Amino acid sequence: MRTPIIAGNWKMFKTIAEAKKFAEEAKAGSDIAGVQKVICAPYTALSALSEALQGSGLALGAQNMHFEEQGAFTGEISPSMLKEIGVEYVIIGHSERRQYFNETDETVNKKVLAALKHGLVPILCVGESLEQREAGETAKVVRTQTEAALAGLEAEQVADVVIAYEPIWAIGTGKSSSAQEANETIAVIRQVIAERFGQDAGARVRIQYGGSVKPENIASYLSQPDIDGALVGGASLDAASYLQLVKGS
Ligand code: PEP
């Protein structure tokens, strides 16, 4: 039995004051059970949120990190710096980072390994572009990205990874993949994991869908057998909307 996980990705939105306000409002959903709730906030808000989220039932996530412990990497944040302030999850390889910040399959792999080493849960993002989709390459792309990102993991570590299947053309565009199509691609990812790490790992790993998920459409995704939650951008910025997503799961 896989517990669904609804993770909000705030991207580059919210000041500390705005983040604290969200945390207060989100406490209204503290008694919602059976679903894991996570908010991935900008670095500057993490420390304040770590306190402000107490009693809300929401766990704290970051949106990126470096894979090294420390060093001359101006502008970067290490896994232990995140751990120190109560971060439990970290998004790795979001398509916006792959697209705008030169994130590669190789750096994504290093970050997944580093996150696990430090006891952080990586939310690993994979997904195809519109061009790749139209060329019929979706399954090939997610296979390549998944295999590369998980290279070097032990089979028992795979259940500690959350994967987010996010078709790039559906992120922030209002265009979402149909629930059935998303489920088919997620089943491919699960199969890749079963081939590489065994049936047990394939059955246990949680795989979310992401891409224009809203309170109105979340139930259709979560009714699919292979979809274990959602990674949500825009609709996670408002606490009432986020709580509706959680309730809809
Ligand atoms: C995301 O940021 O990962 C995302 C899926 O964004 P949105 O829900 O806004 O499409």
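In this predicted model, Asn9 is found in strand E1, which covers residues 5-9, and with a relative accessible area of 5% this residue is buried, since the cut-off for that class is under 20%. Setting aside neighbours within four places in sequence, the contacts of Asn9 are Cys40, Gln63, Ile91, His94, Leu231, Val232, Gly233 and Ser236.

One of these partners, Gly233, returns in the annotation: under "binding site", an unreviewed UniProt entry lists Asn9, Trp10, Lys11, Gly172, Ser212, Gly233 and Gly234. These positions span 226 residues in sequence, yet no two of their C-alpha atoms are more than 13.9 Å apart, so the set gathers at one spot. From this set, Asn9 and Lys11 are taken into the lining of the largest pocket.

Two residues of the listed set can be followed further through their backbone. Lys11 lies in the loop between E1 and helix H1 (16-26), and has a positive phi of about 50° although it is not a glycine. Ser212, for its part, belongs to the loop that runs between strand E7 (206-210) and helix H10 (218-222), and its phi, near 55°, is likewise a positive value in a residue other than glycine. Ser212 has 14% relative accessibility and therefore counts as buried.

Another loop, between strand E6 (162-165) and helix H8 (179-197), holds Ile168. At 30% relative accessibility this residue counts as partly exposed, because that class lies between the 20% limit for buried and the 50% limit for exposed. Leaving aside neighbours within four places in sequence, Ile168 is in contact with Ser95, Gly127, Glu128 and Ser129. Ile168 and Lys117, by comparison, are 51 residues apart in sequence and, from C-alpha to C-alpha, 28 Å apart in space.

The path leads finally to a pair of helices, H5 (residues 105-117) and H7 (residues 138-149), which pack at an angle of about 45° with their axes 8 Å apart. H5 and H7 are therefore oblique to each other, as the angle falls neither under 35 degrees, where helices would count as roughly parallel, nor within the 65 to 115 degrees of a roughly perpendicular pair. On the H5 side the residues that meet H7 are Asp105, Val108, Asn109 and Val112, and their counterparts in H7 are Thr144, Gln145, Ala148 and Ala149. Sorted by class, the contact of H5 with H7 has four nonpolar, three polar and one charged residues.

How values were computed
Residues are numbered from 1 along each chain as its sequence is written. This is a predicted model: local features need pLDDT of at least 70, side-chain atom pairs count only at pLDDT 80 or more; totals for chains, interfaces and linings use all residues. Side-chain values use heavy atoms; hydrogens and water are left out. Axes are lines fitted to C-alpha atoms, for helices over the stretch in contact, and angles run from 0 to 180 degrees between N-to-C directions. Helices (H or I, at least four residues) and strands (E, at least two) are DSSP runs, numbered from the N terminus. Angles under 35 degrees count as roughly parallel, over 145 as roughly antiparallel, 65 to 115 as roughly perpendicular and the rest as oblique. Contact means heavy atoms within 4.5 Å. Ala, Val, Leu, Ile, Met, Phe, Trp, Tyr, Cys and Pro count as nonpolar, Asp, Glu, Lys and Arg as charged, and the others, Gly among them, as polar. Buried means under 20% relative accessible area, exposed over 50%, partly exposed in between (1.4 Å probe, protein chains only). UniProt positions are given in the numbering used here, feature names are shortened, and annotations may be inferred rather than shown by experiment. On a 1 Å grid over the protein atoms alone, a cavity is a set of points where a 1.4 Å probe fits but cannot get out, and a pocket is an open set with protein on both sides within 12 Å along at least five of seven lines; lining residues have an atom within 4 Å of a point.
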